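Biologist: Could you take me through one part of this model in detail? I would like to see how its pieces fit together.

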Amino acid sequence: MTNSQKKHVGDSSTSQKKANKQSKCFRHTVEQVQHLKEFLKKCPHPDKDQLIQIGKEVGLNPKKIKTWIYNNKTTTKTQIDKSDNKTLRTENERFCCENIAMKEAMKKIICPQCDSERASNLENLKEENQRLTDEDEKLSRVTTTRGVDKGHD
């Protein structure tokens, strides 16, 4: 038995046919591709008659043209998606960095002017509180003294 006659385990006649078909890779010529791209720009959704017409012009059958159009659109969409994803990732990374910076800034918020205003406001409030407390005590003593004086009259 020669090497070409040997069968590998699991090989069948259908898998051999598939292997033969896969080895016959069909490539379009540069001119065909150029013509198909121009056609696709003019007519992004061709019908059956248009596929037959372009097939005659470039020398391909309509099924191959339909497959090429599908693959071309898929490839183009994939490239656009990759570009969009890259842009979105970059933008997301920038937002994350900004977010972290803002969080850090929020932790460290100390405004010297606001801090001194707060301190002086606090002092003013303490002084006013003390003044009101003193005034309340004076009024309490006056009313208590008058109440005691009236009770003894």
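To start me off, where does Thr-29 lie?

Modeller: Happy to help! Please keep in mind that this is a predicted model. Thr-29 sits in the loop between helix H1 (13–23) and H2. With 37% relative accessibility, Thr-29 counts as partly exposed, because that category covers values between 20% and 50%. Although Thr-29 and Val-58 are 29 residues apart in sequence, their C-alpha atoms are 9.5 Å apart in space.

Val-58 is a good place to go next, since it belongs to the largest nonpolar core. That core has 11 residues: Leu-36, Phe-39, Leu-40, Cys-43, Leu-51, Ile-54, Val-58, Leu-60, Ile-65, Trp-68 and Ile-69. At least two of them come from each of three helices, namely H2 (30–42), H3 (48–58) and H4 (62–107). As general background, nonpolar side chains in soluble globular proteins tend to be buried together.

Let's take those three helices in pairs, beginning with H2 and H3. Their axes come within 10 Å and cross at roughly 150°. H2 and H3 are therefore roughly antiparallel to each other, as the angle is over 145 degrees. The crossing of this pair is right-handed. On the H2 side, the residues that meet H3 are Gln-32, His-35, Leu-36 and Phe-39. Their counterparts in H3 are Gln-50, Ile-54, Glu-57 and Val-58. Leu-36 and Phe-39 from H2 are core members, as are Ile-54 and Val-58 from H3.

Between H2 and H3 there is a loop, and Asp-47 is found in it. Asp-47 counts as partly exposed because its relative accessibility is 40%. Asp-47 and Lys-66 are 19 residues apart in sequence, while their C-alpha atoms are 9.8 Å apart in space.

Now for H3 and H4, whose axes come within 8 Å and cross at roughly 100°. That angle makes H3 roughly perpendicular to H4. Here H3 brings Leu-51, Ile-52, Ile-54, Gly-55 and Val-58, which meet Pro-62, Ile-65, Lys-66 and Ile-69 in H4. Leu-51 deserves a look of its own. Setting aside neighbours within four places in sequence, Leu-51 is in contact with Pro-46, Pro-62, Ile-65, Lys-66 and Ile-69. Among these partners, Ile-65 and Ile-69 are members of the core, to which Leu-51 also belongs.

The remaining pair is H2 and H4. The axes of H2 and H4 come within 11 Å and cross at roughly 70°. H2 and H4 are therefore roughly perpendicular to each other. The residues of H2 involved are Val-33, Leu-36, Lys-37, Phe-39 and Leu-40. They meet Ile-65, Trp-68, Ile-69, Asn-72 and Lys-73 in H4. Leu-36, Phe-39 and Leu-40 are core residues, and so are Ile-65, Trp-68 and Ile-69.

Finally, here is the chain around this part. The secondary structure comes to 5 helices and 0 strands, giving the pattern α-α-α-α-α along the sequence. Of the 153 residues, 9% count as buried. The chain exposes about 13900 Å², with carbon and sulfur atoms supplying 55% of that area. Of the contacts between residues at least 6 apart in sequence, 51% join residues at least 24 apart.

How values were computed. Residues are numbered from 1 along each chain as its sequence is written. This is a predicted model: local features need pLDDT of at least 70, side-chain atom pairs count only at pLDDT 80 or more; totals for chains, interfaces and linings use all residues. Side-chain values use heavy atoms; hydrogens and water are left out. A nonpolar core is a set of buried Ala, Val, Leu, Ile, Met, Phe, Trp, Tyr and Cys residues joined through side-chain atoms within 4.5 Å. Buried means under 20% relative accessible area, exposed over 50%, partly exposed in between (1.4 Å probe, protein chains only). Helices (H or I, at least four residues) and strands (E, at least two) are DSSP runs, numbered from the N terminus. Contact means heavy atoms within 4.5 Å. Accessible areas come from the Shrake-Rupley method with a 1.4 Å probe; for residues, only the protein chains shown count as cover. Axes are lines fitted to C-alpha atoms, for helices over the stretch in contact, and angles run from 0 to 180 degrees between N-to-C directions. Angles under 35 degrees count as roughly parallel, over 145 as roughly antiparallel, 65 to 115 as roughly perpendicular and the rest as oblique. A crossing is left-handed if the near helix is turned anticlockwise from the far one by less than a right angle, and right-handed if clockwise.
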